[in-house]
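Visitor: Please take a close look at the charged side-chain pairs in this protein. Which parts of the chain do they join, and what lies around them?

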Amino acid sequence: MSTPLTRRTLLGRGARAALLLAGGAALAACGLAPAGTAAPAGTTRPAPAPRQPNPSFVPDVEIRLHAAPAETTILPGRPTAVWSYQAELLAGDPANLEIIPGSFLGPTVRVRRGQKLRVHFSHELPGNETRSIVHWHGLTLPSEQDAHPRHAVARGQTYVYEFTVADRAGTYWYHPHPDMATGRQVYQGLAGLFIVSDDEEQALGLPAGAQDLALVIQDRSFDGDNQLVYAAGDPMAGAMDYLMGFLGERVLVNGQTDASIEVATRAYRLRLLNGSNARTYKLGWADGTPLTVIASDGGLLERPVERPYVTLSPGERVELWADFRGRPVGTELTLASLAFTGAEGAGEAGGHDMGDMSGGHDMGNMSGGGHDMGAMASTMANAPAQGAPLTVLKVRMAEQFESDDALPSVLSRISRHRLADAVNRDRPRSFTMTQPGSRWELNGRVYEPEAIAADERVRLGELEVWELVNALNDGETQHPQGMLHPFHIHGLQFQVIGREVLPELRAGWESVSAGYVDEGWKDTVLLMPGERVKLLLRFAAHPGTYMVHCHILEHEDMGLMRNIEVVG
Ligand code: C2O
Ligand code: CU
């Protein structure tokens, strides 16, 4: 699969090469030189003026949101320098903005469907962060509210968002989306929840207030001074960390390590977001209690479903009905990420034990491809492998409570798209992820902010079937069987209608597939190596430029992303 070498692709490659500047050199030294590194780097095109407020838009909720440096205490001792979203409510109800105490996470925005929101976002990040912009992950918004890189603002500038919340009640989130710098900005602390409620949902009487808990799961590494460690600390490390996606050493929940909560013996609504850059979690109660799932990315399911565990890849959300009735006070439950295999093809990624990983992390073990990466040191040397078992959260029964909390048997109504109604029912639009050499490609291309290929134009209002393919990389030394990718589509919620996996990679797939929640609306879907997923979707609301990409943020930054032009 080769891309014709136009000036555009060369520029695109030049810019990507700049991102991996140090890394590219390291890859060359390791005999894995990426193609096209000779093109000039640093091709920044002039950005249009940032969006200004429209005086005729009358917001219900108005927020000032700064992305700026901050300090927070995560580990005992020295505070950790982070970047964080700091907000101020200019208009609305105090409940619209909920600070998470002691966390670097941005405040949780809580709004009702139909409310009008104005957000003045300003970029006040230091150093190399030339641009930033906020993406409202999961919301259906006009393209200029959706963080296309062409709208990213320079330091000191303010971008004004104005939109009506049109989406179903659900757990959405916001995070930076500047091309080639998303991974680093999110990693430093920039992310927050965006929770939408509506009348249908409120009428259900689901657990509310202190019984409605949002948990953002992330992983981070720290140096001896309690400071965050990210990819590219040294050239060799940077390249591998980008290629694999950056895995942290410790699990954080709402910005805290060794997280625990105290609950009463009653039912809770637990909203879980995987806000990690690259790590997928296989979430289950360590005592084997099944999970009751009530919502996915795009809000409530039609009915609650039970799972032995839930597989949550970066960007995905689920909501659980967690019923602690009947548990004696003093009991402690552990929400764990259970071991899984096959994250990188047939390799035994889940077999690593942190305790044994004293020094040299043998990458040859992890990739299963028979090549030896042992010589390539990585910033992730001490991080548990993708698929290694982890403790996520301890839940302690602290208070006896008599309640008659009842889980409704019907939660919402979801109109199912029908394959027969798709305009391309016999010819799915396909998106294939491959890794030729040392970069990831989507349909043989890397991201170019202004490029739109003929097969990336979609008609507004048409129902389409898409097929996402996580392909083998025949003949490649790295990831010959691919690795897992969470695929995210901007601008809509879709429905998953089918999954298939190559027989030779079925074992790894089966170590996570019972945890897929495909019953409801989704905006991000995990593909294990060798997996194909069919979706039905319709860009119904707005014409304009949207994006599709891998939500392993290092992959997105490397260019595993493309524009989709919705033509009205
Ligand atoms: Cu959550 Cu385009 O990202
Ligand atoms: Cu990916």
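Guide: A residue counts as buried when its relative accessible area is under 20%, as exposed when it is over 50%, and as partly exposed in between. The model is a predicted one. Side chains of opposite charge can pair when their charged atoms come close. The count here comes to 37 salt bridges, and a few of them are worth following one by one.

Take E316 and K522, whose side chains meet in a salt bridge at 2.9 Å, N to O. E316 sits in the loop between β21 and β22, and K522 in the loop between α7 and β31, so this pair ties together parts that are 206 residues apart in sequence. Both ends fall under the cut-off: E316 is buried because its relative accessibility is 5%, and K522 is buried because its value is 3%.

The pair E262 and R396 has its closest N and O atoms 2.9 Å apart. Here E262 belongs to strand β16 and R396 to strand β24, 134 residues apart. E262 counts as exposed, at 54% relative accessibility, while R396 is partly exposed at 31%.

A third salt bridge joins R445 and D455, with 3.1 Å between the closest N and O atoms. Both residues lie in the loop between β26 and β27, 10 residues apart. R445 is buried at 17%, whereas D455 is partly exposed at 35%.

Some salt bridges share partners, and these join E98, R110, E201, D212, R269, R271 and E319 into one network. Members of this network also turn up at the second largest pocket: E98, R110 and D212, along with G209 and A214, lie nearest the centre of that pocket. The pocket holds about 750 Å³ of space and has 35 lining residues. By class, 17 of them are nonpolar, 10 polar and eight charged. Elements that each supply at least two lining residues include β4, β11, α4, β12, β16 and β17.

The copper ion (ligand 2) offers another kind of link between parts of the chain. H485 (ND1), C550 (SG) and H555 (ND1) coordinate this ion at 2.0 to 2.1 Å, and the spacing of these donor residues in sequence is H-x64-C-x4-H. H485 in strand β29 and C550 in strand β33 are 65 residues apart. H485 is buried, with a relative accessible area of 0%, and C550 is buried with a value of 0%.

Conventions. Residues numbered from 1 in each chain as written. Chains lettered and ligands numbered in written order. Predicted model: local features only at pLDDT ≥ 70, side-chain atom pairs only at ≥ 80, totals over all residues. Heavy atoms only, no water. 1 Å grid on protein atoms, 1.4 Å probe; cavity = no way out; pocket = protein on both sides within 12 Å on 5 of 7 lines; lining within 4 Å. Points joined across faces, edges and corners; volume = space filled by probe spheres on them. Helix = DSSP H or I, 4+ residues; strand = E, 2+ residues; numbered from the N terminus. Nonpolar A, V, L, I, M, F, W, Y, C, P; charged D, E, K, R; others polar. Donors = N, O, S within 2.8 Å, 3.2 Å for Na, K, Ca; no water. Buried < 20%, exposed > 50% of the residue type's maximum accessible area, 1.4 Å probe, protein only. Salt bridge = Lys/Arg side-chain N within 4 Å of Asp/Glu carboxyl O.
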